Structures are given as C-alpha cells and as structure tokens.
Amino acid sequence: MKVQELNIQGMSCGHCVMSVRKGLDAVPGLVVQSVEIGKAVVRYDETKVTIDDIKKAVQKTGYSVN
C-alpha cells in the first residue's frame, strides 16, 4: 500500500472535512488515515485505484487537489 498526502484547497470547516472524508471512504482500495482542513493522508492499493481516481473523488465533493 502506498501512502499519499493530498493538499486540498477550499476547505474551511468541520463540514468540509466530513464531506471530503465521506468522498474518500467511498473509493475502493483506499484507506483514509486522516482528513483535516487543507489536507488528507490516505493509503491505497495501486492495483485497485490510481492517484487520479483519488483526486477525482475529492473534486466530486467540491474541492480542488494539488
């Protein structure tokens, strides 16, 4: 499993954190280690999910990822 820290723009409150966490929790092959304002740390199985898939899951919640 690979560990990745995502820098997320647009988060400003606990609701934002919960929204991003919920979006990431729905991604198969991914384990959310932490989500806080401005970042998330995830572990993922590269044979099941790509970093682009993970970024798209965050973007679907309304935030941008660098």
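In the predicted model, S64 touches N7, I8 and Q9, when residues up to four places away in sequence are left out of the count. The residue S64 is itself found in strand β4, which spans residues 64-65, and its relative accessible area of 37% makes S64 partly exposed, because that class lies between the 20% limit for buried and the 50% limit for exposed residues. A further distance places S64 with respect to R21: the two residues are 43 apart along the chain, and their C-alpha atoms are separated by 14 Å.

The strand that holds S64 belongs to a chain whose secondary structure comes to 2 helices and 4 strands. Read from the N terminus on, these elements follow the order β-α-β-β-α-β. As for overall dimensions, the C-alpha atoms of the protein chain fill a box of roughly 35 × 20 × 20 Å when this is taken along the principal axes. The radius of gyration is 11 Å, which agrees with the value near 11 Å that a compact globule of 66 residues would have. Among contacts between residues at least 6 apart in sequence, 60% join residues that are at least 24 apart.

With regard to the surface, 33% of the 66 residues of the protein chain count as buried, while the accessible surface comes to about 3900 Å², of which 48% belongs to carbon and sulfur atoms. The chain carries 9 positive and 7 negative charges, and the mean positions of these two groups are 3 Å apart.

The largest nonpolar core comprises 20 residues, of which I8 and L24 touch the most other members. Two or more residues are given to this core by each of the elements β1 (2-9), α1 (14-25), β2 (30-36), β3 (39-44) and α2 (51-60). Of the elements, α1 gives the most to the core, with 4 residues. For L24, the residues touched are L30, V32, V35, A40, V42, I54 and V58, again not counting residues up to four places away in sequence. The other residue named with L24, I8, is also among the residues touched by S64.

In strand β3, where K39 lies, a further set of contacts was computed: K39 touches E5, L6, N7, I8 and M11, with residues up to four places away in sequence not counted. Thus I8 appears among the contacts of K39 and among those of S64, and N7 likewise appears for K39 and for S64. K39 is partly exposed, with a relative accessible area of 26%. Between K39 and M11, which are 28 residues apart in sequence, the distance from C-alpha to C-alpha is 8.7 Å.

The loop between β1 and α1 contains S12 and is also the place of C13. The two residues fall into separate accessibility classes, in that S12 counts as exposed at 58% relative accessibility, whereas C13, at 30%, counts as partly exposed. From this loop, S12 lies 9.5 Å from E36, C-alpha to C-alpha, and the pair are 24 residues apart in sequence. For C13, a separation of 21 Å is found between its C-alpha atom and that of I54, a residue 41 places away along the chain; I54 is also one of the residues touched by L24.

Technical notes
Residues numbered from 1 in each chain as written. Predicted model: local features only at pLDDT ≥ 70, side-chain atom pairs only at ≥ 80, totals over all residues. Heavy atoms only, no water. Core = buried A, V, L, I, M, F, W, Y, C linked by side-chain atoms within 4.5 Å. Buried < 20%, exposed > 50% of the residue type's maximum accessible area, 1.4 Å probe, protein only. Contact = heavy atoms within 4.5 Å. Rg over C-alpha atoms; globule rule 2.2 N^0.38 Å. Areas by Shrake-Rupley, 256 points an atom, 1.4 Å probe, with all protein chains shown as cover. Lys, Arg positive; Asp, Glu negative; His and termini not counted. Charge placed at Lys NZ, Arg CZ, Asp CG, Glu CD.
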